[in-house]
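Biologist: Please examine one part of this model closely, and then set that part in the context of the whole chain. I should like to understand how it is held by its surroundings.

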Amino acid sequence: MHAYINEIFNSIQGEGPYVGVRQVFVRFAQCQLHCAYCDTPLSRNIPAHCRVERKPGGGNFHSIKNPLRKGDLEELVRKLWTHSTRHVSLTGGEPLIHADFIRELEQEYPLYLETNSGFPDKAKELRDIISIASCDIKLPEHDSTDHYEELLANELETISIFNETAETFVKIVILPETTRESISPAISGIASIDRSIPLILQPATQKKMVPTGLLLELMDFAGEILKDVRLIPQTHKMMGLP
Ligand code: SF4
């Protein structure tokens with residue numbers, strides 16, 4: 001079995017409640033969405049080569065030809081694992097596009113999945129092997145798709161599937177244009193599954209800053225019905241990490 005992968009490296013998780021935890025990142029290629037704020041636009045393509053870090057956290061890469069075989073990836077992850085590393089982060093792009101490949105991997109390390117939550121059928125395939133699921137919900141102003149309601153329904157179904165078996169939290173990127181009205185269906189949807197699912201509001205890292213007042217207002221709005229709402233910016237960018 002093969003998969004197209006953009007890069008493999010060891011770094012610090014920079015987003016969400018696991019910020020600061022060391023992980024081996026496997027950035028899969030391809031994504032079905034086109035978010036306006038995407039910070040990994042190249043990962044939406046199918047690359048001829050995969051960048052692989054030579055030494056854990058060294059930031060020095062070499063290229064190997066795509067697609068990678070399952071055994072190749074397992075060996076590369078083993079080489080990049082260190083004593084303080086805790087998870088293999090399956091990221092992208094959209095890793096659930098490669099669910100069949102991930103399903104076949106040897107279960108040597110805990111798997112941390114970062115998904116746009118758009119593929120509930122693939123989530124069902126992987127639910128028993130994922131330890132932690134970081135599930136995005138997109139907002140209309142993200143301009144991720146021409147079929148927003150269908151995407152939101154798929155995202156909520158994916159969250160519900162992972163919430164049964166994995167530690168699950170939801171991440172929503174906040175833009176300066178975000179309003180109570182635009183985020184409201186996402187918040188009600190999470191509450192309809194489980195009010196205890198943590199919701200992380202993540203201000204978009206871009207030139208136009210999201211006003212702090214708006215972030216606090218949206219926190220309170222979500223906190224009216226959800227039990228655990230947190231505001232966590234992307235910290236890896238502050239440290240200049242990938
Ligand atoms: S889901 Fe993620 S990888 Fe895909 S376009 Fe949106 S931000 Fe980029």
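Modeller: A residue is near a molecule if its C-beta atom, placed from the backbone, lies within 6 Å of that molecule. The model is predicted, and within it 13 residues surround the ligand, with C31, L33, C35, C38 and N116 coming nearest. By character, this shell divides into seven polar, four nonpolar and two charged residues.

The part I have chosen for close inspection is strand β10, which comprises residues 167-174. A residue counts as buried when 20 or more other C-beta atoms lie within 10 Å of its own. Seven of the eight residues of β10 are buried, so the strand is largely enclosed by the rest of the structure.

Strand β10 has pairing partners in β9 and β11. Strand β9, residues 132-136, runs parallel to β10 and is joined to it by five bridges. Within this pairing, D136 has K171 of β10 as its bridge partner. Strand β11, residues 199-203, is likewise parallel to β10, again through five bridges. Here I174 stands opposite P203 of β11. As a general point, the side chains of a regular strand alternate between the two faces of the sheet.

The connections between these strands are helical. Helix α4, residues 148-165, forms a right-handed β-α-β unit together with β9 and β10. Helix α5, residues 180-193, does so with β10 and β11, and that unit is also right-handed.

Within helix α4 one may single out I161. I161 has 24 C-beta neighbours inside 10 Å and therefore counts as buried. Apart from neighbours within four places in sequence, its contacts are P120, A123, K124 and R127. The C-alpha atom of I161 lies 9.8 Å from that of L126, although the two residues are 35 positions apart along the chain.

On the way from β9 to α4, the loop contains D143. Most residues other than glycine have a negative phi, and most peptide bonds are trans. D143 is not a glycine, yet its phi is positive at about 55°. With 16 C-beta neighbours inside 10 Å, D143 counts as partly exposed. Q30 also has a positive phi, of about 80°, without being a glycine. It belongs to the loop between β3 and β4.

Strand β5, residues 61-65, offers a contrast in burial: of its five residues the number buried is zero, so it lies largely in the open. Strand β5 pairs with β4, residues 49-53, in the antiparallel sense over five bridges, and V52 stands opposite H62 in β5. The loop between β5 and β6 holds P67, and the peptide bond from N66 to P67 is cis, with omega near -5°. A cis bond also links G92 to G93, with omega near 15°; G93 is in the loop between β7 and α2.

For the whole chain, the count is seven helices and 12 strands. Of its 242 residues, 42% count as buried. A compact globule with 242 residues would have a radius of gyration near 18 Å, and the chain has 17 Å, which agrees. The C-alpha trace spans about 45 × 35 × 35 Å along its principal axes. Among contacts with a separation of 6 or more, 71% are between residues 24 or more positions apart.

Key
Residues numbered from 1 in each chain as written. Predicted model: local features only at pLDDT ≥ 70, side-chain atom pairs only at ≥ 80, totals over all residues. Buried ≥ 20, exposed ≤ 12 C-beta atoms within 10 Å, placed from the backbone. Helix = DSSP H or I, 4+ residues; strand = E, 2+ residues; numbered from the N terminus. Pairing = 2+ DSSP bridges. Right-handed = clockwise from strand over helix to strand, strands pointing away. Nonpolar A, V, L, I, M, F, W, Y, C, P; charged D, E, K, R; others polar. Rg over C-alpha atoms; globule rule 2.2 N^0.38 Å. Contact = placed C-beta atoms within 7 Å.
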